[in-house]
Amino acid sequence: MLFFAENIRNKEVNLIIEQGNTSSKVAVCEEGRITASFVYKRFDVSVIAALFEKYAFTKGILSTVIDTDEELVSYLRKRLRHFIYLDERVALPVKIGYETPETLGKDRLAAVVGATYLRPGRNILIIDAGTAITYELVEASGLYKGGNISPGMTTRFRALHQFTSRLPLVMETEEIPLIGTSTGMAIRAGVVNGIVYEMDGYIDTLKAKYPDLLVFLTGGHSFYFERRLKNSIFADINLVLIGLNRILEYNVEDE
């Protein structure tokens with residue numbers, strides 16, 4: 001029993017935090033695997049303090065696309081033996097070909113690292129279907145070439161409602177026809193089918209240049225679009241969290 005207790009105390013437990021535009025995701029990683037994950041609409045020091053009561057975190061990383069919570073960063077620096085705040089100065093296990101790395105979204109960067117960690121030495125397209133839809137291309141050499149950004153599904157629905165005088169606000173449904181027979185269904189069909197054609201178009205075009213291209217799909221709407229695409233893809237909703245954990249371990253290895 002003493003040996004078992006010592007193993008529990010010595011186990012490395014990583015705290016992975018991704019703060020997005022509408023919610024924050026937290027993952028608990030042990031031995032390279034995500035063993036628990038949580039999603040929060042409200043996120044502050046009190047939320048993290050409660051997690052520290054349950055888990056013996058030793059290392060952690062924080063990625064945010066919103067304004068930095070200095071109180072949260074200070075708390076994490078004090079509580080963790082190793083803490084990484086992800087910015088353009090953090091070392092990465094991929095090469096960056098982006099002209100303005102200081103403006104590159106941290107979620108985009110983490111998704112690239114996650115995909116190359118899971119499938120090293122491959123040409124990869126990463127599609128993240130969230131508030132925005134992002135497309136990232138990384139070559140087999142480990143060079144991140146860059147990517148594109150377009151409005152996400154919910155963003156498109158809201159834009160049509162907010163910037164027109166009569167179009168209603170609608171949400172996605174399971175069945176989407178090719179041609180809508182009502183205004184609501186015309187919006188749904190236009191938005192959803194438009195995104196599907198957009199995604200398949202990027203995949204087809206890039207496969208002409210990279211015939212062995214692998215495609216990862218992640219983000220909150222990943223499983224909604226997974227079954228609608230004609231191309232074969234890998235769907236992994238935790239790709240960004242996996243990438244953040246890899247960035248954390250990569251930097252700890254260098255210390």
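In this predicted model, Glu-31 is found in the loop between strand 2 and strand 3. Its phi is positive, about 55°, although the residue is not a glycine. The loop belongs to a hairpin: strand 2 and strand 3 have two residues between them, and Glu-31 takes the positive phi there. Glu-31 has a relative accessibility of 70%. The cut-off for exposed is over 50%, so Glu-31 counts as exposed.

The two strands of this hairpin run antiparallel and are joined by seven bridges. Two pairs of opposite residues illustrate the register. Glu-30 of strand 2 stands opposite Arg-33 in strand 3. Val-26 stands opposite Phe-38 in strand 3. Strand 2 itself spans residues 24-30. Six of its seven residues are buried, so strand 2 is largely enclosed by the rest of the structure.

Strand 2 also pairs with strand 1. Seven bridges join these two strands, which run antiparallel. They too form a hairpin, here with four residues between the strands. Gln-19 of strand 1 stands opposite Ser-24 in strand 2. Further along, Leu-15 has Val-28 as its bridge partner in strand 2.

Strand 1 has a second partner, strand 4 (residues 59-64). This pairing is parallel and comprises six bridges. Leu-15 takes part here as well, with Gly-60 as its bridge partner in strand 4. Leu-15 is thus bridged to Val-28 in strand 2 and to Gly-60 in strand 4.

How many of the seven residues of strand 1 are buried? Seven of the seven are, so strand 1 (residues 13-19) is largely enclosed by the rest of the structure. The cover extends to both faces. On one side, Val-13, Leu-15, Ile-17 and Gln-19 are buried. On the other, Asn-14, Ile-16 and Glu-18 are buried.

These pairings belong to an open sheet. The sheet has five strands in the order 3-2-1-4-5, and its pairing is mixed. Its edges are strand 3 (33-40) and strand 5 (82-85), each of which pairs on one side only. Neighbouring strands are turned by 15° against each other on average, with direction ignored. Helix 3 (residues 70-79) packs on this sheet. The helix touches strand 1, strand 4 and strand 5. Its direction makes about 155° with that of strand 5.

Beyond strand 5, the chain enters the loop that leads to strand 6 (95-96), and Pro-93 lies in this loop. Pro-93 has a relative accessible area of 30% and is partly exposed. Leaving aside neighbours within four places in sequence, Pro-93 is in contact with Val-113, Arg-246, Ile-247 and Tyr-250. Pro-93 and Thr-173 are 80 residues apart in sequence, and their C-alpha atoms are 39 Å apart in space.

A further loop, between strand 7 (124-129) and strand 8 (132-138), holds Gly-130. Not counting residues up to four places away in sequence, Gly-130 touches Gly-152 and Met-153. Gly-130 and Arg-227 are 97 residues apart in sequence, with 16 Å between their C-alpha atoms.

Met-153, touched by Gly-130, also takes part in a helix packing as a residue of helix 5. Two packed helices are described by the angle between their axes and the distance between the axes. For helix 5 (residues 153-162) and helix 6 (residues 183-209), the angle is about 140° and the axes are 10 Å apart. Angles over 145 degrees would count as roughly antiparallel. Helix 5 and helix 6 are therefore oblique to each other. Helix 5 passes helix 6 in a right-handed crossing.

Which residues of helix 5 meet helix 6? They are Met-153, Arg-156, Phe-157 and Leu-160. Helix 6 contributes Ile-187, Arg-188, Val-191, Val-192, Ile-195 and Glu-198. By class, this contact has seven nonpolar residues, three charged residues and no polar ones.

Notes:
Residues are numbered from 1 along each chain as its sequence is written. This is a predicted model: local features need pLDDT of at least 70, side-chain atom pairs count only at pLDDT 80 or more; totals for chains, interfaces and linings use all residues. Side-chain values use heavy atoms; hydrogens and water are left out. Buried means under 20% relative accessible area, exposed over 50%, partly exposed in between (1.4 Å probe, protein chains only). Two strands pair if DSSP finds at least two bridges between them. Axes are lines fitted to C-alpha atoms, for helices over the stretch in contact, and angles run from 0 to 180 degrees between N-to-C directions. Angles under 35 degrees count as roughly parallel, over 145 as roughly antiparallel, 65 to 115 as roughly perpendicular and the rest as oblique. A crossing is left-handed if the near helix is turned anticlockwise from the far one by less than a right angle, and right-handed if clockwise. Contact means heavy atoms within 4.5 Å. Ala, Val, Leu, Ile, Met, Phe, Trp, Tyr, Cys and Pro count as nonpolar, Asp, Glu, Lys and Arg as charged, and the others, Gly among them, as polar.
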